[in-house]
Each structure stands twice: as structure tokens, then as C-alpha cells.
Amino acid sequence: MSEERKRITIVDDGKSYVLAVSNEKGFDRLLARFGTNHLEHVDTNEGVFDSASLVNGGTYRATDTKEDSFNGMDQQEHEKEEQLSKASELVEDGIALCDEGKYAEALDLFQEALGIQLKVLGDGHPDVAWSYNNIGIALNGQGQYEEAIKMHENALEIRMATLDNRHELVADSYYNMGCVLGNQAKCKEAVEMFRQALDIYLEVHGNRHEDVANTYHEMGIALYCQVKYKEAVEMFRKFLDIYVEVDGEGHEKVLNARKLVAKGLELLGQHGE
């Protein structure tokens, strides 16, 4: 389930340092030590300009490095890089397990990744927020709603402190909190979370994005449970207007939304609205 780890060998000042990197984030951390264009492939003599250039592994020579940016990676730094690479793999595997509905197994991996990240990065890093977010999703999938909300609140706090408060990851936290609150039948609070997420998604993505569509859908469900059928139908129609373009008429989510629209209109007639 995890990506193959590529071995990157860096030659600097006559010393060689071998790192095993599994994803683009690991490559980016490596490049950050040098700045753009400060690694040169030993065999081709081509400079490295972005993380995509490292995906095949290989041996690179450090050239014109930034002052103190590398200076021979010491063992402690090497170990930290290895630990962060392991945490990234754990997260990737956990996400795959969540996609399969194996939330308990995913939770174990997310918690292990969080432990590594807290040790290496500290408690205010965006990667730590990402693990809190993932733990929240896994807990929500197991029906542990109170614990899930706490994890999403932790993620939101870090994201608000380290990112622009209009960042899409901030919106993701609001959206995920809305999903948990909806599962708790706290529909009014859920709608408020979805509205905050939607406001940011619209600003970041425009009005035809899948994140916008999904938020309309979840808001429709939360309004439905408040017996606000007119507003719920409006949300489902907005969802359908976008989502049909993405996944087509036959998608299960589209079919269910159409049923809810029909049922909502029927109930509106019964209630004289």
C-alpha cells in the first residue's frame, strides 16, 4: 500500500549520506536544505530544480550549497529525516485503510505517525495538524464522535495559527467537524460548520468545485434533519448541478440526492409550504 522508498545519495565535501525517501514531501524537505538547483546528478550532471526530478532516486553532488544548509548532514538530522519519511508512509497506509473502511487499523497507523511527528516537529507543525485531522476521521468512522471532534479542534487550532484563516485546510477542518456533528444529530451546529467551510471553499475554488458540491450535499442532510425541507432541497439541487458534471447521473451519491429532493418536495407539499 505504501509507495516504494527511493534511495537518494548525497555527496558533499567528500562524504556520502544516504536517505530513503518515499514521497514528494520528503523530496521537498531534502531540497529545502540546499535551495533550488543546488544538487547535481552525478551521472548526467543535470541540476535538480524541483522534487519531481528526484523521483527515480540516484546519486547527487551538492554544489554551491547555502551556508549551513547541509554542511554534511549529521547523524541526528539523518535520523529525523528517516523518522519523518516513516511517518509519511504510515499516513499513506492509514488513508488507504480508511478508504477501505478499516478505521481501527488506520487509527493505529495515524497515532503512530502523530507520535513521530510530535517528537521531531513539535506540537504546532502543519504535519501534526494533518495527523490530528486523520485521527479525527478514523474516530468518526468508528462512532467515537466526542474524541473525533477534539482531534479536529486540535487540527483547526494549529491550522489557524500556521496558515491563512481562509486556507482550504482550515475549510477542511470545518467540514470534517460538520460531518461529526451531523453524525451526532447536532444538525444546527453541523450546518454552521458547513457554512464556514463553504464560505472558504467558494473563495478558494470557485463555485464549480467538488469540495463545494460535497459541502452542499452534507449541508442538505443537516438541514433535512432539522425539517428545513425547502433549504435542504435547495442545497441538494446545488450539489447535483455540480456533481453530475463530475461523476455522472449513475453515481450513488447523485441517485440518493435525487431521492432526497423528491422526498423533500413531497414533504413540503404535505406541510403546505
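Visitor: Which residues are linked with Arg166 in a network of salt bridges?

Guide: The model is predicted: local features require pLDDT of at least 70 and side-chain atom pairs count only at pLDDT 80 or more, while totals for chains, interfaces and linings use all residues. Numbering starts from 1 along each chain as its sequence is written, and side-chain values rest on heavy atoms, with hydrogens and water left out. A salt bridge is defined as a side-chain nitrogen of Lys or Arg within 4 Å of a carboxyl oxygen of Asp or Glu. The network that includes Arg166 also contains Asp199 and Glu203.

Visitor: How many residues apart are glutamate 203 and arginine 166?

Guide: The side chains of these two residues form a salt bridge, with N and O 2.9 Å from each other. Glutamate 203 belongs to helix 7 (residues 187-205) and arginine 166 to the loop between helix 5 (145-162) and helix 6 (168-183), so that distant parts of the chain are linked; helices (H or I, at least four residues) are DSSP runs numbered from the N terminus. Their separation in sequence is 37 residues.

Visitor: Is glutamate 203 buried or exposed?

Guide: The term buried applies under 20% relative accessible area and exposed over 50%, with partly exposed in between (1.4 Å probe, protein chains only). Its partner arginine 166, at 27%, is partly exposed. Because glutamate 203 has a relative accessibility of 52%, it counts as exposed.

Visitor: How many salt bridges does the count come to?

Guide: One of them joins glutamate 100 to lysine 102, whose closest N and O atoms are 3.2 Å apart. Glutamate 100 is partly exposed at 47% relative accessible area, and lysine 102 is partly exposed at 37%. By the distance rule, the count of salt bridges is nine.

Visitor: In which helix do glutamate 234 and lysine 238 both lie?

Guide: These residues form a salt bridge, with 3.6 Å between the closest N and O atoms. Glutamate 234 is partly exposed at 40% relative accessible area, as lysine 238 is at 33%. An α-helix has 3.6 residues a turn, so residues three or four places apart point the same way. Glutamate 234 and lysine 238 are four residues apart, about one turn, within residues 229-247, which form helix 9.

Visitor: Which cysteine does a disulfide join to cysteine 187?

Guide: A disulfide is a pair of cysteine sulfur atoms within 2.5 Å, and by this rule there is one. Cysteine 187 is buried at 11% relative accessible area, whereas its partner is partly exposed at 42%. The two sulfur atoms are 1.6 Å apart, and the partner is cysteine 225.

Visitor: Is histidine 152 buried or exposed?

Guide: Histidine 152 is located in helix 5. Beyond residues up to four places away in sequence, it touches Asn133, Gly136, Ile137, Ser173, Asn176, Met177 and Val180, where contact means heavy atoms within 4.5 Å. With a relative accessible area of 1%, histidine 152 is buried.

Visitor: Against which helices do the buried residues of helix 5 pack?

Guide: The 18 residues of helix 5 reach 26 Å from first C-alpha to last, close to the expected 26 Å; the expected span is 1.5 Å times one less than the number of residues. Its buried residues include Ala148, Ile149, His152 and Leu156. They pack against helix 4 (126-141) and helix 6.

Visitor: How far apart in space are alanine 197 and serine 173?

Guide: Alanine 197 is found in helix 7 and is buried, with a relative accessible area of 0%. Leaving aside neighbours within four places in sequence, alanine 197 is in contact with Ala171, Tyr174 and Tyr175. Alanine 197 and serine 173 are 24 residues apart in sequence, and their C-alpha atoms are separated by 7.9 Å.

Visitor: From which helix does the largest share of the lining of the largest pocket come?

Guide: On a 1 Å grid over the protein atoms alone, a pocket is an open set of points where a 1.4 Å probe fits, with protein on both sides within 12 Å along at least five of seven lines, and lining residues have an atom within 4 Å of a point. The largest pocket has a volume of about 580 Å³. Of its 26 lining residues, the closest to the centre are Ile137, Tyr175, Asn176, Cys179 and Glu218. Helix 4, helix 6, helix 7 and helix 8 each supply at least two lining residues, and the largest share, nine residues, comes from helix 6.

Technical notes: Grid points are joined across faces, edges and corners, and a volume is the space filled by probe spheres set on the points.
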